[in-house]
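Got your viewer open? Let's take a short walk through this one, picking things to select as we go.

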Amino acid sequence: MSRIGVFICHCGENIAATVDPVKVAETMSRVPGVVHAVDYKYMCSDPGQNLIIEAIKEKGLTGVVVAACSPRMHEPTFRKVCAESGLNPFLCEMANIREHCSWVHEKSDITTDKAIDLVRVIVEKVKRNAPLYDIKVPVTKTALVIGGGIAGIQASLDIANAGHKVILVERDPSIGGHMIQLSETFPTLDCSQCIMTPRMVEVAQHPNITLYTYSEVEELDGFIGNFKVKIRKKARSVDENLCTGCGVCMQKCPRKKIPSEYEAGMGMRTAIYIPFAQAVPNKPVIDKDNCLYYLKGKCKICEKNCPAEAIRFDQEDEIIEADVGAIVCATGFDVLGTDSFPEYGYGKYKDVITGLQFERLASASGPTLGEIRRPSDGKEPETIVFIACAGSRDPAKGIEYCSKICCMYTAKHAMLYKHKIHHGKAYVCYMDIRAGGKMYEEFVRRAIEEDGVNYIRGRVSRVYEQDGKLIVKGVDTLLGSQPVEIEADMVVLATAAVANTGAEDLAKKLRVSYDAYNFLAEAHPKLRPVETNTAGIFLAGACQAPKDIPEAVAQASGAASKVSALFSGDELSREPVIAVVNRCPPPVFSTCEGCFICEQACPYQAIEREEIKTRDGKLIKVVAKVNEGICQGCGTCVAVCRAKAIDLQGFSNEQVYAEVMAL
Amino acid sequence: MKLGYYPGCSLRGTAREFDESLLAIAPGIGLELEEIPDWNCCGASAAHNLNRELSLALPARVLALAEKAGMEEVLVPCSMCFNRLAVTRHELLEDEELRKRVSDIIKMDYQGTARALNILETLGKLFDEGIEDKFVKPFDHEVACYYGCLIVRPPKIVQFDRYEDPQSMDELMKKIGAHPIDWAFKVECCGAGLSISRTDLVAKLSGKIIEDAVHRGAEAIIVACPMCHANLDMRQEKVEKLKGKKYSIPVLYLTQAIGLALGLEKKKLSLHRHMVPVVFPPREKPAIESKSKTKTGKVAGQVEE
Amino acid sequence: MAEFEPKIIAFVCNWCTYAGADLTGTSRIKYATNVRMIRLPCTGRIDFMLLLKAFAQGADGVIVSGCHPGDCHYTAGNYHARRRWILFRSLLDFVGFDTRRVHFAWVSAAEGAKWAQVVNSVVNEVRELGPFEDYQKLARVGVE
């Protein structure tokens, strides 16, 4: 038998001015099932809340309806009151007679009638409310971080320092990402490697972090708090436990002319290689596509010369299985190559390079030891043209967005060039200058005013080679669109930042959404930038969108804090407004027919298949089952179910139909 | 190979060498051409500057006539005609309303089955395995292949070759024994229709093209378009006056170069009609030092030691 | 004789339209009193039998409103609702139901003014169409 208590709030004059609360309360008291109906000036106040507490106790209420403001305001308030009085909070609901009634209509009988209708609707619903309890899901307190660039490293350190275990998986032979390729970082001109290598070492030595390099995520299963991941640790062909990182193998390897990925093609490496001197871990890898042994069965010079006898040609890939509770995706970005630009030579001019390649030239550990030299003939360039927005903001190239970091690094490159070659001429051909961060504008001003970099506003239509020089054809729009032709020794393209290779495949494995550019999608662009729509998977760094180092670090720490919050209890508590597939006694077991339309309709893939078997293991039927950990409670499955076998707790069919019938 | 043939106004007028040399080489390379009966002018730049419907109706009529004659593919040597026919077909197939309107104007129902082919892709199809044997007098010269603007643009419509650095003509020239150079002005503007109204601009723009070709050691410029030919050949004198240099670099239609390689006579290929005499002085010293240090593919002008 | 005032029932999604209607209230924008809102977590939850139930109960018009496509709080619920609506509308049309009595809208949480507009326009339109008794009578036949 329902014993509903109805409380009509005046909300001062907000409701009382247009709606007659006394009349509403009086009408409600005559509704079957309602045993207590009063009105009061301010229900949310202490005395107001006390009214509810006392009524629950004295009248043994089985449900409470507060007719006042929007539930989006005070539902938690009143639910808490009920919970504290011993009444299940989900037996308390609010009728919105303020935003939806008193505030939008004039004072009249019609308005009061409407208020009565609105309260009546909620009363009928609450009569059919069932008590619901928060769902508890166990949590494995280990985090998986995918990607070992600055964002992945930061996230790993933060989570590990909070006392939780971290598994860090990196595809390349060493962690470091793109940041370790940079020479100096804006706006401070800090040496990138100097600030990064300590972090990399910290990751390697941290007791809570397990580092798997030259590894990739193979498969992911499970749900928040309970993921099962399979990691493929690719074969290095080197026994890491025996190898001392002495480097003799690299010195002896006869294959020396392989373009180095770390040098962005500006330098060479050997077939057995450590990508760079400060690599973490400092253990080599054999590039099977270029090693003479793997190609032709010959050589083996490294094996013969290794003092630690660490070479293992027969080493195979290893699959490592792990249980994790949360995942941080920090897979970073890539940049377009010069071959994406027909108007700048289809990549055939050696002296037309990308910004990343320029970083390697400028870097003290680079192929030219930090001297800016033309790749073609090794001479110092007297004139360099930097072309900004190469590919970005260009619908014709299919990239409409701004890559964010290029204005800053172009200014930086121009400055570094001028610092190294004082008499050199630097031109920057730009569309706009975007320097919005802290100390960024001052940095660009410094390039223009102190270092004498020439900024020409106008796009470059063509670059071609003539007599060993590069002719750059651009325009100066600030001088009335005058054509400009510059004879340069080198051209640096600030190419667009794009999603890293394999981003789409990884997103599909993780079941995370991604956009048309293969950047991973955040849950809400403004308020939830580090979460995805997949519960338990977080984002950090440029895999979400191009960004600079301070933002990547901030986002990584943000993601780490979300993970720490997730790990703060032994169990995860979730709101029980979720769908449930019915179960009933044998021989029916469930009215679900196993058509699994709900499985396809669910935006969160929260529907699983459950096999109902006899005691002997014989299969009777396969029915749908809702995963409590994932279901968000949207109710789409309820509407598509043909047999009405699935229902939404809190908005069940019975409840909603009752609401409609009350009108 | 049998194709429909649309010469257009220039090939029967100022660019008759193109027509004559094409018809001269056709039997030698296995090409049979059937001219579209009662063809009209394509409208060129004049029509599309003045009236949109006219600019579509004129080429549409040509294509509709081809359709009526049962031709599926039509060779259109002139780049402007080719461009107009290709663009018209594209626009009418995209917009049903427009197609109906234009069909109404020309009083023929244009279905879109007849397609224009440009000279480069046609020759590309014809020059298959073993064609080199037919070239009894290989065209052993350094050549600069000039494509002009209309064969490769707009890329989305003509969908032909790399639009900043096309290679199709270069490949054809290689097959006839020529040595195409890598140069920077393959698709740069020659001044086009300003040939008469602003000859000074044509001199400037065409001048850059000729200068680059000669500088990189070309002995001839090969073209596939009557307008290109006019500006580079007929206006070469003006260019020389502007630049204060003597170039005397012959400008040949690719069909003429092919004809010479096939062993045909100069007169048959109408080489005598050109303004700049088609003569190739013997090469004593290596052509201009354009040894570019940057990697640009095969750089011509370097004599094999 | 009192002028006919239509009874409109609105099925709205919690995250967008309900919030939008809240905003209408907070902005004190006045609109017609004829509408009664039923809160649901998502328009995807709406089984269209609910709409028919509403008509059987005496509604003269129904509004279904949710988040704009692409903005659904549950990512895809409103797409399902939209697809269902397209099918349902053809079905209603086929059986001779006046589809002007059912109105489908997208109102986001920021569109307080739009909600008022939607309500007012639907109320006006349904007022012109008059009371909807046919379906009610049909529904009752089964019961009695």
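Which are the buried residues of H15(A)? Keep in mind that this is a predicted model, then select residues 549–566 of chain A to bring up helix H15. The buried ones are Ala552(A), Gln555(A), Ala556(A), Ala559(A), Ala560(A), Val563(A) and Leu566(A). Now look down the axis of H15(A): these residues fall within an arc of 140°, so they line one face of the helix. Turn the helix side-on and you'll see 18 residues reaching 26 Å from first C-alpha to last, close to the 26 Å expected at 1.5 Å a residue.

Next, add what sits over those buried residues. The cover includes strand E6 (142–146), helix H6 (150–161) and strand E18 (326–329) of chain A. Strands E29 (537–539) and E30 (571–574) of chain A are also part of that cover.

Zoom out to the whole of chain A, with its 18 helices and 34 strands. Its radius of gyration is 33 Å, well over the 26 Å that the globule rule gives for 663 residues, so chain A is more spread out than a compact globule. Along the principal axes, its C-alpha atoms fill a box of roughly 95 × 75 × 40 Å. Even so, 55% of the 663 residues count as buried.

Last stop: hop to chain B and select Leu23(B), in helix H2 (residues 16–29). Is Leu23(B) buried or exposed? Neither, quite: at 41% relative accessibility it counts as partly exposed. Beyond its neighbours within four places in sequence, show Tyr5(B) and Leu33(B), which Leu23(B) contacts. To finish, draw a distance from Leu23(B) to Asp182(B): their C-alpha atoms are separated by 30 Å.

Conventions. Residues are numbered from 1 along each chain as its sequence is written. Chains are lettered from A and ligands numbered from 1 in the order in which they are written. This is a predicted model: local features need pLDDT of at least 70, side-chain atom pairs count only at pLDDT 80 or more; totals for chains, interfaces and linings use all residues. Side-chain values use heavy atoms; hydrogens and water are left out. Helices (H or I, at least four residues) and strands (E, at least two) are DSSP runs, numbered from the N terminus. The expected span of a helix is 1.5 Å times one less than its number of residues. Buried means under 20% relative accessible area, exposed over 50%, partly exposed in between (1.4 Å probe, protein chains only). The arc is that of the directions from the helix axis to the C-beta atoms. Contact means heavy atoms within 4.5 Å. The radius of gyration is taken over C-alpha atoms; the globule rule is 2.2 Å times the number of residues to the power 0.38.
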